[in-house]
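Trainee: Could we go through this model by way of its cavity, its strand pairing and its salt bridges?

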Amino acid sequence: MTARGISGIGYAFPAATRSVRELAAAGALQSEATLLERFGFDLVHVAQAEAPYDLALRAARSALERSGADPESIGLVVYGGASAASAYVAGGNRLPENAWRTTARFRYPAPRLQYELGLTRASVLGIDQLACTTLFGAVRVAGAICEAERIDRALCIAAEFFPPDAGREAIFNCTSDAACALLLQRGAARNRIVASVQVTKGYYWDCDAMRDEVVASYFPTAAHVVARAIVDAGWQPADVDWVIPHNVSARSWQILLGLLRLPRARLWDANIALRGHALAGDNFINLHDAQACGDVREGDRLILFSYGYGAQWTALAIEA
């Protein structure tokens, strides 16, 4: 199998931000603001005028620019997140009444991205039902298709907003609206993917009814998935330099790091307070920012881990 890596990452957030205290005052949280602040949260991004497609387009353009890739060299687009007409609704993904009864339901964002970005040689594919692990799934699917069909470059995109009336908390985590895109490339010089692991436990499909069970299973399963990724990469736990997280509470990461037993690894958690939990984009936004500020350097060995309702536990081992 030909090694693939991530040659460009782009992301986009709505312009408006809200503090944890503002969200609590507006009734958008289930927990007390002081508790969520203790868990590391401060600001989140909340879409008002922007639609998921707007941010997806911005993120994808940024990823292409940073990679320097010719648009005509992209052979595949894998899109996850807000789909069909919901991708175009400003401030959330609530469709107009009766929209599903019209052909508006066939206005898909992935073909429009292919058109507006000038990706004339790319086919498109949409993925769903992976929640916050959507980009991990996109990377797995894109890698397999690219290997089978001898495609050199694939663009993976996720754009997801919380509905306006859904609140901003998911089990002690403050959520941001966001989009993220990355370019998966054969023989990339940086960010080479050396292992990928996904564990699905369908027993937890009803996350509301099984909230306590999900919390109880989260940590041991996460530790198992990360350990598998390290073994599959051919590493030892002491080889890991950084853990690039999804932006769930800092307290949960303190617990998980204790279970992982990675003696040298540091947690790159600078974005938890600044960005909140940006759903599927967290790990890759953090990877970009950690490299941009010089914390993660060429050759560092990284573990990216995320969990998605449904229930999915995912990890990537990457050589920066």
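The exchange below takes those topics in turn for this predicted model.

Trainee: Which elements give two or more residues to the lining of the largest cavity?
Mentor: The search of the whole structure finds one cavity of 30 Å³ or more, and the largest cavity holds about 40 Å³ of space. Its lining includes Ala158, Ala159 and Glu160, as well as Ala178, Ala179 and Cys180. The elements giving two or more residues to that lining are β6 (153–160) and β7 (178–186).

Trainee: How do the residues of that lining divide into nonpolar, polar and charged?
Mentor: Ala278, Leu279, Ala280 and Gly281 also line the largest cavity. Glycine counts as polar and glutamate as charged in this scheme. The lining therefore divides into eight nonpolar, one polar and one charged.

Trainee: Which residue in β7 stands opposite Ala159?
Mentor: β7 pairs with β6 in the antiparallel sense over eight bridges. Strand β1 (residues 4–12) also pairs with β7 in the antiparallel sense, over eight bridges, and there Ala12 stands opposite Ala179. On the β6 side, the residue opposite Ala159 is Ala179.

Trainee: Why is β7 described as largely enclosed by the rest of the structure?
Mentor: The cut-off for buried is under 20% relative accessible area. β7 is largely enclosed because the number of its nine residues that are buried is eight.

Trainee: Is Arg4 buried or exposed?
Mentor: Arg4 and Glu147 meet through their side chains in a salt bridge of 3.9 Å, N to O. The pair links helix α5 (residues 134–149), which holds Glu147, with strand β1, which holds Arg4, 143 residues apart. Glu147 counts as partly exposed at 27% relative accessibility. Arg4 has a relative accessible area of 6%, so the word for Arg4 is buried.

Trainee: Where does the salt-bridge partner of Arg186 lie?
Mentor: Arg186, in strand β7, meets Asp152 in a salt bridge of 2.8 Å, N to O. Arg186 is partly exposed at 25%, and Asp152 is partly exposed at 42%. The two are 34 residues apart, and Asp152 lies in the loop between α5 and β6.

Trainee: Which residues are linked with Asp239 in a network of salt bridges?
Mentor: Asp239 forms a salt bridge with Arg301, with the closest N and O atoms 3.5 Å apart. Asp239 is in the loop between α6 (211–233) and β9 (242–244), while Arg301 is in strand β11 (residues 301–308). The network links Asp239 with Arg192, Arg301 and Glu319.

Definitions and conventions:
Residues are numbered from 1 along each chain as its sequence is written. This is a predicted model: local features need pLDDT of at least 70, side-chain atom pairs count only at pLDDT 80 or more; totals for chains, interfaces and linings use all residues. Side-chain values use heavy atoms; hydrogens and water are left out. On a 1 Å grid over the protein atoms alone, a cavity is a set of points where a 1.4 Å probe fits but cannot get out, and a pocket is an open set with protein on both sides within 12 Å along at least five of seven lines; lining residues have an atom within 4 Å of a point. Grid points are joined across faces, edges and corners, and a volume is the space filled by probe spheres set on the points. Helices (H or I, at least four residues) and strands (E, at least two) are DSSP runs, numbered from the N terminus. Buried means under 20% relative accessible area, exposed over 50%, partly exposed in between (1.4 Å probe, protein chains only). Two strands pair if DSSP finds at least two bridges between them. A salt bridge is a side-chain nitrogen of Lys or Arg within 4 Å of a carboxyl oxygen of Asp or Glu.
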